[in-house]
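Please follow the chain below from one of its loops to its strands and then to its pocket, keeping the coordinates open alongside the text.

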Amino acid sequence: GFMVFQRGEPALHLYVVASGTFEICGAGDGAEAGQRLLVRGDHVGEEALLGGDVSYAATVGCSASGTLQRLSALSIRRALAESSSDTASF
């Protein structure tokens, strides 16, 4: 399989699944800690959006072929700052 990132690595990107199936493992504490599958449209790596010295909370990998869209946390924060005047009230 292919490892996207490992728990404890610096969180620099948010990933969105474009195709294939990816597995999150090692989130939380203990041997049975959270295993779940990510499919098209799911995202992972939200820690990257927090900024600062943040690490990924889990390990994500793919055992078969798949495609992820990788979004730089810095680019996302810049885009949000530029569009801060675009608000909606409900």
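Gly-41 sits in the loop that links strand E4 (36-38) to strand E5 (43-44), in a model that is predicted. Although Gly-41 and Val-17 are separated by 24 residues in sequence, their C-alpha atoms are 5.4 Å apart in space. Once residues up to four places away in sequence are set aside, Gly-41 touches Val-16 and Val-17.

That pairing across the sequence leads to the chain as a whole. The chain holds one helix and seven strands, and, read from the N terminus, its elements follow the order β-β-β-β-β-β-β-α. If one takes the contacts between residues at least 6 apart in sequence, 72% of them join residues at least 24 apart. Of the 90 residues in the chain, 28% are buried, while the accessible surface of the chain amounts to about 6,100 Å², with 52% of that area belonging to carbon and sulfur atoms.

A second loop, the one between E1 and strand E2 (13-19), contains Gln-6. Gln-6 counts as partly exposed because its relative accessibility is 40%, a value that falls between the limits of 20% for buried and 50% for exposed. Leaving out neighbours within four places in sequence, the residues in contact with Gln-6 are Tyr-56, Ala-58 and Thr-59. The C-alpha atoms of Gln-6 and Gly-61, which are 55 residues apart along the chain, are separated by 8.4 Å.

One of the partners of Gln-6 is Thr-59, which belongs to strand E6. Is Thr-59 buried or exposed? Thr-59 has a relative accessible area of 15% and is therefore buried, since the limit for that class is under 20%. Beyond four places in sequence, Thr-59 touches Met-3, Phe-5, Gln-6 and Arg-7, as well as Glu-23, Ile-24 and Cys-25. With Arg-7 there is also a polar approach to consider, in which a polar atom of the Thr-59 side chain lies 3.0 Å from the backbone nitrogen of Arg-7.

Strand E6 is also the place from which to approach the largest pocket, for the largest share of its lining, four residues, comes from E6. Strand E1 (2-5), strand E3 (22-25) and strand E6 (59-62) each supply at least two residues of that lining. The lining has 13 residues in total, and those nearest the centre of the pocket are Phe-2, Glu-23, Gly-61, Cys-62 and Ser-63. Sorted by class, the lining of the largest pocket consists of seven nonpolar, five polar and one charged residues, and the volume of this pocket is about 160 Å³. Two residues met here have already appeared above: Glu-23, which is among the residues that Thr-59 touches, and Gly-61, whose C-alpha atom was paired with that of Gln-6.

On the far side of E6 in sequence, the loop between E6 and strand E7 (67-72) holds Ser-65. With a relative accessibility of 70%, Ser-65 counts as exposed, because exposed residues are those over 50%. The C-alpha atoms of Ser-65 and Phe-22 are separated by 9.2 Å, and the two residues lie 43 places apart along the chain. Taken in turn, then, Thr-59 is buried, Gln-6 is partly exposed and Ser-65 is exposed.

Note on methods:
Residues numbered from 1 in each chain as written. Predicted model: local features only at pLDDT ≥ 70, side-chain atom pairs only at ≥ 80, totals over all residues. Heavy atoms only, no water. 1 Å grid on protein atoms, 1.4 Å probe; cavity = no way out; pocket = protein on both sides within 12 Å on 5 of 7 lines; lining within 4 Å. Points joined across faces, edges and corners; volume = space filled by probe spheres on them. Nonpolar A, V, L, I, M, F, W, Y, C, P; charged D, E, K, R; others polar. Buried < 20%, exposed > 50% of the residue type's maximum accessible area, 1.4 Å probe, protein only. Polar contact = N/O pair within 3.5 Å; in protein donor to acceptor, adjacent residues only side chain to side chain. Contact = heavy atoms within 4.5 Å. Areas by Shrake-Rupley, 256 points an atom, 1.4 Å probe, with all protein chains shown as cover.
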